[in-house]
Amino acid sequence: MAHVEFEVRHRFEASPQVVWDELVDWAGHADWVPMTRVHVEPGDPTAVGARFTATTGLGPLALPDRMEVLQCDWEAEASAGTCEVAKHGPVLTGTAGFTVRPDGDGASLVWGEDVTVPYTPQFLAPVLGRLGAAGFSTGMRKLAKLLAQRTTVTG
């Protein structure tokens, strides 16, 4: 079993509130996470205990990732928030989370994952970490473009 950790940082040209709202819209992740669809169980999606499943991939190669909100706190006065979810498998187990903070006229995001991958030797963990970070970096760039387009259309 491999223990994989990675962290991705990204600066957005959008307000922290806009970035936060997009990140906690679990179903909306399908708009910017490649080859992903998300099923969210009914209820407040940011409440502790809220559950959702992100399935990434195609056909028989799709990987379901069942998650549960452990903490999801937005501080309006500080325009900052932190969210952490537990990953319940069936393949990835562990935690993932993100923090959004003001950064000049935009927002900074730190996204981290700390997971175990069964049936994978530990020597492959650095490779999997780099692949995970690359995938999330791609997702963050796509999200930044999506938010810029929305601002242009509504601005």
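**A nonpolar surface patch and two strand hairpins**

Phe-123, Leu-124, Val-127 and Leu-131 together make a nonpolar patch of about 400 Å² on the surface. The model in which this patch appears is a predicted one. Among the patch residues, Phe-123 sits in the loop that lies between strand 7 (106-117) and helix 2 (125-154). With a relative accessible area of 65%, Phe-123 counts as exposed, because the cut-off for that label is over 50%.

Attention can now turn to the strands. Strand 3 (residues 51-56) pairs with strand 4 (residues 63-75) in the antiparallel sense, and six bridges link the two. One handy landmark here is Thr-56, whose bridge partner in strand 4 is Leu-63. The two strands form a hairpin with six residues between them, and Gly-57, found in the turn, has a positive phi of about 120°.

Strand 4 also has strand 5 (residues 80-90) as a partner: the two run antiparallel and are joined by nine bridges. Here Met-67 has Lys-87 of strand 5 as its bridge partner. Strands 4 and 5 likewise form a hairpin, with four residues between them. In that turn, Ser-79 has a positive phi of about 50°.

As for confidence, the mean pLDDT of the protein chain is 95, with 97% of the residues at 70 or more. Strand 6 (residues 93-103) has the highest confidence, at 98, whereas helix 2 has the lowest, at a mean of 90. Helix 2 is also the helix that follows the loop holding Phe-123.

Technical notes
Residues are numbered from 1 along each chain as its sequence is written. This is a predicted model: local features need pLDDT of at least 70, side-chain atom pairs count only at pLDDT 80 or more; totals for chains, interfaces and linings use all residues. Side-chain values use heavy atoms; hydrogens and water are left out. Patches are made of residues with over 30% relative accessible area and no salt bridge: like charges are joined within 9 Å, nonpolar side chains (Val, Leu, Ile, Met, Phe, Trp, Tyr) within 5 Å. Accessible areas come from the Shrake-Rupley method with a 1.4 Å probe; for residues, only the protein chains shown count as cover. A salt bridge is a side-chain nitrogen of Lys or Arg within 4 Å of a carboxyl oxygen of Asp or Glu. Buried means under 20% relative accessible area, exposed over 50%, partly exposed in between (1.4 Å probe, protein chains only). Two strands pair if DSSP finds at least two bridges between them. pLDDT is the predictor's confidence in each residue, from 0 to 100.
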